[in-house]
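Please load the model and keep a surface view and a side-chain view at hand. The tour moves from a surface patch to charged pairs and then to pockets.

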Amino acid sequence: MKRGLILAVAAAVLIGGAVRADEKSHKAAAEKLLEVTDAEKNLQRSIDLSLEQQLRANPQLAPAKEAMKKFFNKHLSYAALKDDLVKMYTEEFTEEELKKVVEFYSTPAGKKMAAKQPTLMQKGGELGMKRVQDNADELRKMIEEELRKK
């Protein structure tokens, strides 16, 4: 009985150590992905593009540009988000998957994809907003119809 208990405790300690080691290497794989995708630089580009887009859409905010930039850099910078990004990637991808994604982003095509991502995201957002704006009357009518049913 005593020997069985000792073996169980030893196994739990060994397994716990292996899990921590796996978590550490999993986290390292996510950090490597952020590194090879130039996440820090691209996140800053995204912040800058988003700010420009906000100021174009709301020119009255131009006098507050520096305050907005300071706020975005404080709360949306790579330094502010890194731990959350690592957690997000480790929750969504296995360590092996992350390593394969790192392989892709280490290729010329992957590097180009990473560099173009902020611009593509901005253009995609603008496209979506334009489609909604171009069809706002249709949306308004559909909403009104739906609300009349209730």
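Begin by selecting V132, L139, I143 and L147, which together form a nonpolar patch on the surface with about 370 Å² of accessible area. A patch here is made of residues with over 30% relative accessible area and no salt bridge, nonpolar side chains (Val, Leu, Ile, Met, Phe, Trp, Tyr) being joined within 5 Å and like charges within 9 Å; the areas come from the Shrake-Rupley method with a 1.4 Å probe, and for residues only the protein chains shown count as cover. This is a predicted model, in which local features need pLDDT of at least 70 and side-chain atom pairs count only at pLDDT 80 or more, while totals for chains, interfaces and linings use all residues. Residues are numbered from 1 along each chain as its sequence is written, and side-chain values use heavy atoms, with hydrogens and water left out.

Next, colour helix α7 (residues 136-149), which gives the patch its largest share, 3 residues. Helices are DSSP runs of H or I with at least four residues, strands are runs of E with at least two, and both are numbered from the N terminus. L139 is found in helix α7 and counts as partly exposed because its relative accessibility is 43%, where buried means under 20% relative accessible area, exposed over 50%, and partly exposed in between (1.4 Å probe, protein chains only).

Stay on helix α7 and show the side chain of R140, which is partly exposed at 39% relative accessibility. R140 meets D137 in a salt bridge (3.9 Å, N to O), a term that requires a side-chain nitrogen of Lys or Arg within 4 Å of a carboxyl oxygen of Asp or Glu. Because R140 and D137 are 3 residues apart in helix α7, about one helical turn separates them. R140 also forms a salt bridge with E144, the closest N and O atoms being 3.2 Å apart, and these two residues, 4 apart in helix α7, are likewise separated by about one helical turn. Salt bridges that share partners thus join D137, R140 and E144 into one network.

Now move to helix α1 and select E35 and K32, whose side chains meet in a salt bridge (3.4 Å, N to O). Here E35 is exposed at 52% relative accessibility, whereas K32 is partly exposed at 37%. The whole structure contains 9 salt bridges.

For the largest pocket, which holds about 550 Å³ of space, centre the view on A39, N42, L43, Y89 and Q117, the residues nearest the pocket centre among the 22 that line it. A pocket is an open set of points on a 1 Å grid over the protein atoms alone, where a 1.4 Å probe fits and protein lies on both sides within 12 Å along at least five of seven lines; lining residues have an atom within 4 Å of a point. A volume is the space filled by probe spheres set on the points, which are joined across faces, edges and corners. The lining has 17 nonpolar, 5 polar and no charged residues, and its largest share, 6 residues, comes from α2.

Finally, select S50, Q53, Q54, R56, A57, N58, E126, M129, K130 and Q133, which line the second largest pocket. The elements giving two or more residues to this lining are α2 and α6. The volume of the second largest pocket is about 210 Å³.

Terms used. Ala, Val, Leu, Ile, Met, Phe, Trp, Tyr, Cys and Pro count as nonpolar, Asp, Glu, Lys and Arg as charged, and the others, Gly among them, as polar.
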